[in-house]
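Please look over the chain shown here. A short report on its fold, charges and surface follows.

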Amino acid sequence: MWRYTYEDMVYDVEKISPEGQATFMLIADVQKRIEDIETNLTINQAAVVALHQKMQELLIDEAIVEDDETEE
């Protein structure tokens, strides 16, 4: 049974109109997409930390720039 909670009331989605059921399915889909985006964000944040650590291991003194002409 699919349930939808609103203002402390629980509704059986299978008992509401087809339009309501379709709307519920869209809500579920969007929430899943948000969860996926949050997961990907976490993975990407961890990756950038690891890449910065790797980059720092690869730095050499010969690459130090002494003036303000730095590039990213």
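The report starts with the overall layout, then turns to salt bridges and a surface patch.

**Overall layout**

This is a predicted model. The chain holds 1 helix and 2 strands. Read along the sequence, these elements run in the order β-β-α. The radius of gyration is 25 Å, whereas the globule rule gives 11 Å for 72 residues, so the chain is more spread out than a compact globule. The C-alpha trace spans about 70 × 20 × 20 Å along its principal axes.

How much of the chain is buried? Buried residues account for 6% of the 72 residues. The accessible surface of the chain is about 7,100 Å². Carbon and sulfur atoms supply 55% of that surface.

**Charges**

The chain carries 5 positive and 18 negative side chains. The centres of these two sets lie 20 Å apart.

How many salt bridges are found in the whole structure? The search gives 3. Their closest N and O atoms are set out below.

| Positive side chain | Negative side chain | N to O distance |
|---|---|---|
| Arg33 | Asp29 | 3.0 Å |
| Lys32 | Asp36 | 2.6 Å |
| Lys54 | Glu57 | 3.8 Å |

**The salt bridges in helix α1**

Helix α1 covers residues 18–58. Asp29 and Arg33 both sit in this helix, 4 residues apart. That spacing separates Asp29 and Arg33 by about one helical turn. Their side chains meet in a salt bridge at 3.0 Å. Asp29 is partly exposed, because its relative accessibility is 33% and the partly exposed class runs between 20% and 50%. Arg33 has 53% relative accessibility and counts as exposed, because that value is over 50%.

Lys32 and Asp36 are also in helix α1. They too are 4 residues apart, so about one helical turn separates them. The closest N and O atoms of this pair are 2.6 Å apart. Lys32 is partly exposed at 43% relative accessibility. Asp36 is partly exposed as well, with a relative accessible area of 32%.

What separates Lys54 and Glu57 in helix α1? The two are 3 residues apart, which again amounts to about one helical turn. The salt bridge between Lys54 and Glu57 has its closest N and O atoms 3.8 Å apart. This distance falls within the 4 Å limit for a salt bridge. Lys54 is partly exposed, with a relative accessible area of 44%. Glu57 counts as exposed at 58% relative accessibility.

**A nonpolar surface patch**

Which residues form the nonpolar patch on the surface? They are Tyr4, Tyr6, Met9, Tyr11 and Ile27. Together these residues have about 480 Å² of accessible area. The elements giving two or more residues to the patch are β1 (3–6) and β2 (9–12).

Tyr11 serves as an example. Tyr11 lies in strand β2. Is Tyr11 buried, partly exposed or exposed? Tyr11 has a relative accessible area of 39%, so it is partly exposed. Patch residues need over 30% relative accessible area, and Tyr11 meets that cut-off with its 39%.

**In brief**

The chain follows the pattern β-β-α and is more spread out than a compact globule. Its salt bridges include Asp29 with Arg33 and Lys32 with Asp36. Strands β1 and β2 each give two or more residues to the nonpolar patch.

Terms used. Residues are numbered from 1 along each chain as its sequence is written. This is a predicted model: local features need pLDDT of at least 70, side-chain atom pairs count only at pLDDT 80 or more; totals for chains, interfaces and linings use all residues. Side-chain values use heavy atoms; hydrogens and water are left out. Patches are made of residues with over 30% relative accessible area and no salt bridge: like charges are joined within 9 Å, nonpolar side chains (Val, Leu, Ile, Met, Phe, Trp, Tyr) within 5 Å. Accessible areas come from the Shrake-Rupley method with a 1.4 Å probe; for residues, only the protein chains shown count as cover. Buried means under 20% relative accessible area, exposed over 50%, partly exposed in between (1.4 Å probe, protein chains only). The radius of gyration is taken over C-alpha atoms; the globule rule is 2.2 Å times the number of residues to the power 0.38. Lys and Arg count as positive and Asp and Glu as negative; His and the chain ends are not counted. The place of a charge is taken as NZ of Lys, CZ of Arg, CG of Asp or CD of Glu.
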